[in-house]
Amino acid sequence: MILDKLCHASLIDGAKLSGAAVRVFPHNHLGKLESHLKWAREHYPDGRVIVVTESVFSMDGDWASLPEIVEIKNRYDAMLLLDEAHAVGVVGDHGRGLADQLGLAGKIDVQMGTLSKALGVSGGYICGGRRLIDLVINRARSFVYSTAPSPAVAAAATAGVEFLMSPVGERRRQQLRSNLTLFAEELPHVLAGGKKIQSAIIPIIVGTQKRRWKRRSCSRRRVFCAGDSVSDRGARRGTAAVTLSARHTAKQISGLCAVLRG
């Protein structure tokens with residue numbers, strides 16, 4: 001099993017618990033991915049090799065190099081597991097995710113995601129071929145021994161999907177994109193070097209010493225700022241992440257940018 005270094009902790013832990021041989025490649029480093037795949041095919045010529053990546057990365061907010069990853073994994077007869085948790089509802093037609101956005105949905109072997117982000121409920125989903133789904137239903141201990149979602153949660157998730165597919169859902173995505181554009185205009189230095197905002201997650205370099213000061217400043221200005229635990233466990237030291245939604249107003253975004261500039 002071969003994972004991007006910045007994959008979410010749940011993916012890394014799942015890979016370790018699977019009992020498979022695990023290799024990690026530097027974030028979006030296609031050369032290293034290919035060398036790991038070559039190693040896997042030399043050592044496990046008849047084995048099932050799985051590449052694992054997020055589509056939108058949870059702390060940096062950037063996209064996986066998905067077209068190139070698909071091309072490389074096909075050359076080495078590997079499978080691709082794509083976690084769309086942070087893309088669903090935001091990226092792609094009707095929020096279907098990055099694979100849909102790039103026209104690669106039919107080339108993903110296993111597609112998974114969560115109902116707890118854009119859909120606002122709890123639980124998750126996994127999509128694949130019939131044989132894969134039958135295998136998961138009958139053999140995956142994490143599924144077999146988990147309590148099924150309540151009818152209320154299932155109904156709420158269904159309503160969330162219907163909303164994403166509706167014209168109102170599309171207007172909500174357009175508003176989110178407008179908010180992201182406003183943030184980029186307010187803080188152009190955040191996107192120095194030709195960087196672009198690719199999702200609703202925007203990494204900010206604040207420096208290790210300034211992080212707590214920024215937190216206090218945000219609190220005084222009534223801007224919600226999560227504790228250091230998230231930054232320490234999920235992001236590189238000295239960085240933070242801003243997450244915008246369609247519900248944020250222009251005044252709120254300008255106020256946040258004023259705090260971050262200070």
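**Figure 1. Helices H2 and H3 meet in a right-handed crossing.** In this predicted model, local features need pLDDT of at least 70 and side-chain atom pairs count only at pLDDT 80 or more, while totals for chains, interfaces and linings use all residues. Residues are numbered from 1 along each chain as its sequence is written, and side-chain values use heavy atoms, with hydrogens and water left out. Helices (H or I, at least four residues) and strands (E, at least two) are DSSP runs, numbered from the N terminus. A crossing is called right-handed if the near helix is turned clockwise from the far one by less than a right angle, and left-handed if anticlockwise. Two packed helices are described by the angle between their axes and the distance between the axes. For H2 (residues 30-43) and H3 (residues 66-75), the axes cross at roughly 20° and come within 10 Å. Axes here are lines fitted to C-alpha atoms, for helices over the stretch in contact, and angles run from 0 to 180 degrees between N-to-C directions. The pair H2 and H3 is therefore roughly parallel (angles under 35 degrees; over 145 is roughly antiparallel, 65 to 115 roughly perpendicular and the rest oblique).

**Figure 2. A closer look at the residues where H2 touches H3.** Contact means heavy atoms within 4.5 Å. From H2, look for Leu 30, Leu 33, Glu 34 and Leu 37; from H3, find Glu 68, Ile 69, Ile 72, Lys 73 and Arg 75. How do the residues of this contact of H2 with H3 divide? There are 5 nonpolar, no polar and 4 charged residues. Ala, Val, Leu, Ile, Met, Phe, Trp, Tyr, Cys and Pro count as nonpolar, Asp, Glu, Lys and Arg as charged, and the others, Gly among them, as polar.

**Figure 3. Two loop residues, Asn 28 and Asp 77, have a positive phi.** Most residues other than glycine have a negative phi, and most peptide bonds are trans. Asn 28 is not a glycine, yet its phi is about 55°. You will find Asn 28 in the loop between strand E2 (23-25) and H2. Is Asn 28 buried or exposed? Its relative accessibility is 19%, so Asn 28 counts as buried (buried is under 20% relative accessible area, exposed over 50%, partly exposed in between, with a 1.4 Å probe and protein chains only). Asp 77, also not a glycine, has a positive phi near 50°. Asp 77 sits in the loop between H3 and strand E4 (79-83), and it is exposed, with a relative accessible area of 62%.

**Figure 4. Helices H8 and H11 pack side by side at about 30°.** The axes of H8 (residues 167-186) and H11 (residues 250-261) are 10 Å apart. That angle makes H8 roughly parallel to H11, and their crossing is right-handed. On the H8 side, the contact is made by Asn 179, Leu 182, Phe 183 and Glu 186. On the H11 side, the partners are Ala 250, Ile 253, Ser 254, Leu 256, Cys 257, Leu 260 and Arg 261. The residues of this contact divide into 7 nonpolar, 2 polar and 2 charged.

**Figure 5. Ile 197 in the loop that follows H8 on the way to strand E7 (201-205).** With 24% relative accessibility, Ile 197 counts as partly exposed. Phe 183, a residue of H8 in the contact with H11, is 14 residues from Ile 197 in sequence and 9.5 Å away in space, C-alpha to C-alpha.

**Figure 6. Ile 12 in helix H1 (residues 9-17).** Which residues does Ile 12 contact, leaving aside its neighbours within four places in sequence? They are Leu 3, Lys 5 and Cys 7. Val 52 lies 40 residues from Ile 12 along the chain, with 9.1 Å between their C-alpha atoms. Ile 12 counts as partly exposed, at 25% relative accessibility.

**Figure 7. Thr 158 in helix H7 and Ala 148 in the loop between helices H6 (141-144) and H7 (151-164).** Thr 158 is partly exposed, at 41% relative accessibility, and its C-alpha atom is 9.9 Å from that of Val 121, 37 residues apart along the chain. Ala 148 is exposed, with a relative accessible area of 58%. The C-alpha atoms of Ala 148 and Gly 123 are 9.3 Å apart, with their places 25 residues apart along the chain.
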